[in-house]
Amino acid sequence: MIRIVKPDVLIDFVSKFKLAIGISLVLILIGMGSLVMQGGPKLGIEFKGGTSIQLQFNKPINVVDLRKAVASLKTFKDSRIQSFGGTNQHYIIYTKTSTSSTTQNIEDKLKSVLDKQFHSNYKIMKVDMVGPKIGKEFRDKGLEAIIIALLAILIYISIRFQYRFAFGAIAALFHDVLITVGFLSLFGYEFTLDVVAAILTIVGYSINDTIVIYDRIREKVKNNRKMSPTEAINKGVSETLSRTILTAGTTLFVVLALYLFGGHALKGMSFALLVGIVSGTYSSIFIASPVLLAFKGPLIPEKKEEDSADRFKQQIEFDMKNVRGN
Amino acid sequence: MKSYTLIKLVIIIAVIALFGAYAVPTFVGKDAAKRLPGYMPKDTINLGLDLKGGMHLVLGVETDKAIFAVLSRVSGNLKKQLINAKIAYDKVYVDSKTNDIVISLVDRKDKDRALDLIGANLPNYQIVSEDLPIKLRLKEKIAEKLKKEAIDQAISVIRNRVDQFGVAEPTVIRSGENHIVVELPGIKDANRAVRLIGRTARLELHLVDDKANIDDALNGNVPPDDEVIYEIKRDPTTGEVSKIPFVVKKDVVITGAMITNASVRFGGTMNQPYVAFELNSQGAKIFSSFTASHIGKRLAIVLDNTIYSAPVIQGAITGGRGQITGNFSITEAHDLAIVLRSGSLPAPVKVLQKVTIGPSLGKISIEKGTKAMIFGSLAVILFMIFYYKLSGVLADFAMAINVLIILGALAMFHATLTLPGLAGIALTIGMAVDANVLIYERIREELMIGRSVYDAVNTGYARAFVTIFDANITTLIVAIILYQFGSGPVKGFAVTMSIGLLANMFTAVTFTKTVFEIVLDKFKPNKLSI
């Protein structure tokens with residue numbers, strides 16, 4: 001039998017809590033620092049409005065030529081050119097300008113200068129134009145989605161566990177969202193709709209991880225009322241450690257494959273997922289669990305022992321026995 | 001075999017067969033799917049625009065302008081009614097800022113009579129100022145209704161135009177309060193489509209006022225019943241654009257609403273394309289009597305506030321036919337005919353978002369996304385076998401069934417697969433094994449403390465189930481919220497994630513468990529390959 005974590009290993013996670021919080025705080029501060037230095041998050045055009053035009057050239061070109069051609073246009077005065085793919089053939093041109101007119105379009109203007117400079121050696125692959133008004137709508141909607149998701153999870157965990165578990169889970173979520181946002185900013189990724197979706201997915205993934213550990217901690221306490229909270233947390237986290245690492249591992253395999261082979265369109269999203277999954281795994285172990293100790297008293301009050309999850313579990317076990325009896 | 005296990009086995013096979021059948025057309029391709037036997041589903045998975053190329057357009061209808069048009073018409077009628085009632089007015093106009101109809105009377109004594117007349121004739125309006133000048137405002141509810149109607153009408157007109165444009169499987173739907181989303185998969189000339197869709201296409205025939213002096217009018221001295229409209233001419237060889245002002249009567253002789261048909265014809269010395277239109281019987285009657293009484297005068301053909309041509313009326317035109325000439329290219333004439341046939345938009349539309357994706361980019365995205373998915377899942381598959389041996393193989397089968405269910409469900413519910421959706425499938429592959437990892441780890445633990453194989457498997461499943469349930473439900477909540485708030489591509493992500501999570505719970509709890517049950521029952525092993 002191959003094992004990542006030896007059975008009966010008991011790691012004292014609780015004692016490393018302070019160190020973990022320190023590391024997290026430093027990482028979050030670096031990320032937030034970079035965010036402040038850039039004057040807020042780098043929003044994608046779907047959130048701030050503007051136009052992006054993706055070009056593909058038949059053969060490698062000199063970006064200086066492209067820059068010169070683009071700069072000759074008034075519409076593209078404030079534009080930014082990004083190269084990707086590493087072959088000097090793929091570029092994206094961003095401009096803050098957008099037009100709500102149905103008869104004029106920005107790409108035709110670009111075409112006119114590119115035709116002169118590069119003739120027909122290029123293709124417009126994608127044009128993405130977002131008006132400022134709908135950009136604001138997307139922004140509001142994205143924020144609303146994140147807030148509602150956090151609230152819904154808070155409510156769900158409060159119902160299924162005690163409030164302190166909900167508190168710990170949300171602390172871990174904030175940790176993950178802040179780390180991910182910080183890293184995105186640090187590595188120069190834009191906040192697009194995909195990235196917001198990725199952040200929400202991280203929220204879901206992190207909570208998933210946290211719940212598995214919480215479930216085990218709860219079980220420990222219930223099986224042995226005399227166990228101290230610290231011991232229950234250490235045991236719960238240690239016993240689930242191999243599962244935590246395995247799941248993070250398999251998920252990272254696929255996300256890494258997406259990041260490496262998924263092409264330019266999936267880069268931002270898969271980067272956010274990569275960071276978020278590592279952070280989510282880390283926070284379930286080092287943040288969500290020790291936070292439970294921030295509250296005084298037993299982890300689970302005696303009378304709340306018979307909660308719905310427990311009854312459910314007993315029912316299942318009862319059914320299993322019956323099945324076996326047949 | 002126990003009857004309990006047997007029932008589960010039947011359910012599992014039925015589920016796999018059902019979703020498998022729906023996934024078949026996608027695997028064999030559209031053409032081969034047509035040759036499948038009659039009882040098989042034929043629909044392949046609907047690909048999002050980011051994967052097949054095309055245009056995604058979000059339009060905003062300027063409903064305020066539709067309201068303004070209604071108010072202008074009402075204020076025009078009101079003038080006539082005031083005249084009929086012998087009430088002298090100084091000005092009746094629509095304040096474009098407040099959207100109020102403002103009526104200033106010559107004689108204060110007429111005020112009560114005017115108010116009575118308004119009360120009797122305009123029940124949809126509330127009087128916001130009884131004192132002079134009288135101000136009327138459209139009631140909130142009526143205004144809302146008019147706006148809603150304007151959007152509905154815009155949608156039906158745009159749908160009509162898109163249908164005639166000749167794109168396969170176009171979508172025109174309302175989104176939110178006042179947005180219209182148009183999706184045209186595989187469209188080649190996106191900008192032509194935008195022009196066609198977005199054209200207000202308000203056609204009006206106005207009499208040219210040949211008595212008015214153009215220079216005076218341009219200096220601001222426009223006769224009260226006239227307005228200045230420009231004819232825009234483009235030189236076909238130099239491309240130079242010239243604007244020629246015309247003073248025309250404000251009264252509209254014929255409107256586009258009276259047109260029943262329009263088509264492209266060729267004629268003239270250069271055999272140029274022009275658009276011929278036919279009028280309904282009411283329009284034909286008006287047209288023939290008007291042309292009969294205005295021989296020798298010029299009639300301006302105004303489309304969206306631009307004069308296309310202003311031919312001289314040579315004689316009475318009976319039969320209700322007319323034509324619009326101009327320096328059209330064949331495509332322009334073709335598109336003009338489409339917009340005239342499909343009617344005008346009740347208000348101008350604005351482009352709020354426009355995404356055009358070339359077909360080659362979509363192909364690249366599919367290739368890369370699929371490649372990433374295959375690499376990712378291969379790594380997971382091999383790892384599971386390496387780590388859990390035969391049980392790992394079983395988990396891999398569960399994962400494969402998962403993907404099959406996702407693909408089948410996408411085809412079954414006509415959901416759209418987008419690029420982030422592909423990422424969602426990849427992610428569920430990673431997470432799909434999670435449920436089994438949870439169970440297997442638990443079984444290992446139970447074996448460690450010395451339980452029999454049979455007991456270890458059963459407690460392992462029972463203990464892990466609550467955890468799996470809790471963990472998946474929270475992720476599902478997030479996916480549903482994403483679906484509610486997301487736009488097209490993100491929605492695709494939420495859809496594949498949700499289906500993936502549900503499939504995940506199903507395969508982990510029923511499929512692998514049933515296989516275990518059968519194996520334990522048949523072979524009664526005293527060791528597990530886990």
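A nonpolar core, as I use the term today, is a set of buried Ala, Val, Leu, Ile, Met, Phe, Trp, Tyr and Cys residues joined through C-beta atoms within 7 Å. Keep that in mind. The model is predicted.

So, the core. The largest one has 231 residues. Which members touch the most others? They are B:Leu340, B:Ala426 and B:Leu482. Helix H11 of chain B gives this core its largest share, 19 residues.

Take B:Leu482. Setting aside residues up to four places away in sequence, B:Leu482 touches three residues of chain A: A:Ala145, A:Ala197 and A:Leu200. In its own chain B:Leu482 touches B:Val490, B:Phe493 and B:Ala494.

That brings us to the interface. Chain A contributes 68 residues to the contact, and chain B contributes 68 as well. On the chain B side, several elements supply at least two residues each. Among them are helix H7 (190-198), strand E17 and helix H11 (359-412). Helices H12 (419-448), H13 (453-485) and H14 (488-523) of chain B also do so. Which element gives the largest share? That is H13(B), with 16 residues. By class, this side of chain B has 41 nonpolar residues, 17 polar and ten charged.

Now the sheet that both chains build. It is open, with eight strands. The order runs E2(A), E3(A), E1(A), E4(A), then E17(B), E2(B), E8(B) and E7(B). Pairing is antiparallel. Which strands stand at the edges? Strand E2 (80-84) of chain A and strand E7 (171-175) of chain B. Each has a single partner strand, so one side of each is left without a neighbour in the sheet. Neighbouring strands are turned by 20° against each other on average, direction ignored.

Look at where the chains meet in that sheet. E4(A) pairs with E17(B) in the antiparallel sense, over five bridges. In that pairing, A:Asp128 stands opposite B:Val355 of E17(B). Next door within chain B, strand E2 (54-61) and strand E17 (349-357) are antiparallel too, with eight bridges. There, B:Gly54 has B:Ile357 of E17(B) as its bridge partner.

A helix lies across this region. Helix H5 (132-160) of chain A crosses strand E4 (122-130) of chain A, along with E2 and E17 of chain B. Its direction is at about 70° to E17(B).

Two more helices in chain A. Helix H7 (193-223) has 31 residues. From first C-alpha to last, H7(A) reaches 45 Å, close to the 45 Å expected at 1.5 Å a residue. Is H7(A) enclosed or open? Of its 31 residues, 28 are buried, so H7(A) is largely enclosed by the rest of the structure. Helix H6 (163-186) of chain A has 24 residues. H6(A) reaches 34 Å, close to the 34 Å expected. Just after H6(A), A:Gly188 takes a positive phi of about 75°.

Over to a second sheet, in chain B. It is open, with four strands in the order E3-E4-E6-E5, and antiparallel pairing. Its edge strands are E3 (89-95) and E5 (125-129), each pairing on one side only. The twist averages 25° from one strand to the next. Inside this sheet, strand E4 (100-105) and strand E6 (134-138) of chain B pair over four bridges, in the antiparallel sense. B:Asp100 stands opposite B:Arg137 in E6(B). Helix H4 (63-84) of chain B packs on the sheet and touches E3, E4 and E6 of chain B. Its direction makes about 165° with that of E3(B).

One strand of chain B has partners in both senses. Strand E10 (226-234) runs antiparallel to strand E11 (241-255), joined by nine bridges. B:Glu227 has B:Val248 in E11(B) as its bridge partner. E10(B) also runs parallel to strand E15 (306-309) of chain B, with two bridges. B:Tyr230 stands opposite B:Thr306 in E15(B).

Last stop, B:Ile12, in helix H1 (3-28) of chain B. Why does B:Ile12 count as partly exposed? Because 18 other C-beta atoms lie within 10 Å, and buried would need 20 or more. Leaving aside neighbours within four places in sequence, B:Ile12 contacts B:Thr510, B:Phe511 and B:Thr514. By contrast, the C-alpha atoms of B:Ile12 and B:Lys79 are separated by 75 Å, with the two residues 67 apart along the chain.

Note on methods
Residues are numbered from 1 along each chain as its sequence is written. Chains are lettered from A and ligands numbered from 1 in the order in which they are written. This is a predicted model: local features need pLDDT of at least 70, side-chain atom pairs count only at pLDDT 80 or more; totals for chains, interfaces and linings use all residues. Two strands pair if DSSP finds at least two bridges between them. Axes are lines fitted to C-alpha atoms, for helices over the stretch in contact, and angles run from 0 to 180 degrees between N-to-C directions. Two residues are in contact if their C-beta atoms, placed from the backbone, lie within 7 Å. Ala, Val, Leu, Ile, Met, Phe, Trp, Tyr, Cys and Pro count as nonpolar, Asp, Glu, Lys and Arg as charged, and the others, Gly among them, as polar. A residue is buried if 20 or more other C-beta atoms lie within 10 Å of its own, exposed if 12 or fewer, and partly exposed in between; C-beta atoms are placed from the backbone. The expected span of a helix is 1.5 Å times one less than its number of residues.
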